[in-house]
Amino acid sequence: MDWAPLWLSYKVATIATLVSFFLGVGLATLLAQFRFRGRELLDAIVTVPMVMPPTVLGYYVLTAVGKHSWLGQTYHSLTGGHIAFSVTGCVVAAFVGSVPLVIKSSRSALERVDPTFIQAARTLGATPLRAYLTVQLPLAAPGIAAGVMLAFARALGDFGVTVMVAGSIPGQTQTASLYVYEQVAKQAPAGAMVAVLTASALAVLYTVNRLGRRSEAHLQ
Amino acid sequence: MKLSSLALALVLTLTWSACSKTSPQSHKLQVAAASSLASAFDDVAKGFTKKTGIAVSLVFSSSGKLTQQIREGAPFDVFASANLRYLKELATSGDVQKGSITVYALGRLAMWVRSGAAPKSLNDLSASRFEHIAIANPEHAPYGTAARQALRKLHIWKTLKDHVVRGSSVRQAMQFAESGNAEVAIIALSLALGHEGTFTLVDERLHDPLQQGIGLVSSSTRQSDAKAFIAFLNSAEGSALLAPYGLQSLTGK
């Protein structure tokens with residue numbers, strides 16, 4: 001069993017989750033705090049990757065970041081490399097599937113924070129930003145953390161989008177999911193890898209459940 | 001109380017319908033074929049239906065994956081693999097009827113580009129303009145295995161390895177080149193002939209012969225129709241339909 005794909009998957013999932021965290025919480029804040037025309041439409045658009053068939057999503061991603069796309073060519077002129085068929089491509093693929101999870105959980109968590117706490121902070125002289133950073137975010141933290149953990153698990157397991165964008169280059173862009181798929185396709189053993197991936201997913205979900213309990217207790 | 005018994009009833013119904021063995025039989029003959037045969041078998045199936053009135057449903061995927069699915073009981077009637085080895089393996093395990101396996105054509109490898117001129121030989125692939133070379137996954141797709149074999153024989157596999165991207169099937173390898181993300185794809189001639197673009201044939205002495213085999217899946221419930229399909233493929237009419245896709249019949253027609 002080759003373990004390199006597993007390390008690649010963890011690396012890709014970590015980077016993708018970090019990006020999802022910053023972009024996701026940012027977008028969630030926008031959706032939770034501000035009222036504007038088309039708000040729910042924006043929410044739907046950023047969430048849709050969650051329910052789209054992976055190959056369809058993969059097609060869109062490849063079109064958006066491929067060699068002939070604006071994004072792809074900008075990336076090429078800045079770094080000399082390409083997004084498709086690279087680790088960056090794997091990260092983009094994982095990110096697209098996992099950021100909706102962060103957005104959904106974080107928006108919900110932010111909205112559930114009792115406004116009186118924020119108002120209290122304001123009356124004590126805090127600016128809106130300070131109130132957000134020191135009162136609202138920490139109170140929403142368990143919910144946000146749950147979303148981030150789910151995003152990690154999703155990023156770790158991505159297949160459909162990755163297979164369209166990464167080119168499955170062994171040692172470079174062959175993530176654990178792709179590796180398992182190919183092992184099975186050529187009737188070679190994949191059990192150990194499958195077991196590790198399953199255990200990772202279970203560990204994440206267990207942690208999410210525990211965080212959920214904490215969140216319940218917190219906001220009572 | 002009521003909600004949980006409703007939920008239980010729903011779960012049982014769904015489970016029962018999923019397990020039901022009396023699901024309505026599709027009236028179409030289920031033919032599993034290698035992705036390299038996509039365009040060619042569309043024509044063959046049409047010709048077969050026209051002649052016999054039997055409707056055909058085609059499933060295209062990498063030969064290795066289909067082999068695995070058949071081993072696990074996939075409900076196909078006929079399996080057309082891009083090589084003979086997978087069929088022989090299935091015959092050994094009893095999943096395909098040994099006596100039904102025939103080699104009906106030889107496949108060829110080709111280098112395909114979406115636009116512009118195709119490279120003249122495999123050695124030209126070391127040129128810097130080929131940043132990404134797409135092939136089908138050599139681990140389970142016969143045309144991918146042949147592509148790797150040819151590159152190894154020319155001693156350029158090691159140098160080109162970092163530029164090689166693997167599609168999950170020979171059709172996906174072509175899609176990488178079609179979308180412009182790979183500059184060239186080494187694919188089946190039968191696919192290249194079915195699409196626009198330019199190609200160059202790869203010297204067949206560089207790889208093991210790509211014997212296109214077909215066999216009857218043992219668990220098929222439509223054995224006589226399946227045998228008729230296999231016979232049609234091997235007939236003069238079948239060969240004529242395959243010829244435009246570069247699938248050379250073995251009798252030298």
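These legends accompany close-up views of a predicted model.

**Figure 1. Chain B, overall view.** Chain B contains ten helices and ten strands. Its C-alpha trace spans about 70 × 50 × 35 Å along the principal axes. Of the 253 residues in chain B, 51% are buried. Contacts in chain B with a separation of 6 or more were also sorted by distance along the sequence: 76% of them join residues 24 or more positions apart.

**Figure 2. The surface and charges of chain B.** About 11900 Å² of chain B is exposed. Carbon and sulfur atoms supply 56% of that area. Chain B carries 26 positive side chains and 18 negative ones. The centres of these two sets lie 4 Å apart.

**Figure 3. Helix α9 of chain A.** Helix α9 of chain A covers residues 176–185. Eight of its ten residues are buried, so the helix is largely enclosed by the rest of the structure. The buried set begins with A:A176, A:S177, A:L178, A:Y179 and A:V180. A:E182, A:Q183 and A:A185 are buried too. An α-helix has 3.6 residues a turn, so residues three or four places apart point the same way. Just after α9(A) comes A:Q187, with a positive phi of about 55°.

**Figure 4. A:S177 and its surroundings.** A:S177 sits in helix α9 of chain A. Its relative accessibility is 12%. Buried means under 20%, so A:S177 counts as buried. Leaving aside residues up to four places away in sequence, A:S177 touches A:S9, A:L156, A:G157, A:D158 and A:F159. One of these, A:D158, lies in the loop between α7 and α8 of chain A.

**Figure 5. A:D158 in the loop between α7 and α8 of chain A.** In chain A, α7 covers 128–157 and α8 covers 160–165. A:D158 lies in the loop between them. At 4% relative accessibility, A:D158 counts as buried. The side chains of A:D158 and A:T162 are joined by a polar contact of 2.5 Å. With residues up to four places away in sequence left out, A:D158 touches A:A93, A:A94 and A:S177.

**Figure 6. The contact between A:S177 and A:D158.** This view brings the two previous ones together. A:S177 belongs to helix α9 of chain A, and A:D158 belongs to the loop between α7 and α8. A:S177 touches A:D158. A:S177 is buried at 12% relative accessibility, and A:D158 is buried at 4%. A:S177 also touches A:S9, while A:D158 also touches A:A93 and A:A94.

Key. Residues are numbered from 1 along each chain as its sequence is written. Chains are lettered from A and ligands numbered from 1 in the order in which they are written. This is a predicted model: local features need pLDDT of at least 70, side-chain atom pairs count only at pLDDT 80 or more; totals for chains, interfaces and linings use all residues. Side-chain values use heavy atoms; hydrogens and water are left out. Helices (H or I, at least four residues) and strands (E, at least two) are DSSP runs, numbered from the N terminus. Buried means under 20% relative accessible area, exposed over 50%, partly exposed in between (1.4 Å probe, protein chains only). Contact means heavy atoms within 4.5 Å. Accessible areas come from the Shrake-Rupley method with a 1.4 Å probe; for residues, only the protein chains shown count as cover. Lys and Arg count as positive and Asp and Glu as negative; His and the chain ends are not counted. The place of a charge is taken as NZ of Lys, CZ of Arg, CG of Asp or CD of Glu. A polar contact is a pair of N or O atoms within 3.5 Å; within protein, one must be able to donate a hydrogen and the other to accept it, and residues adjacent in sequence count only if both atoms are side-chain atoms.
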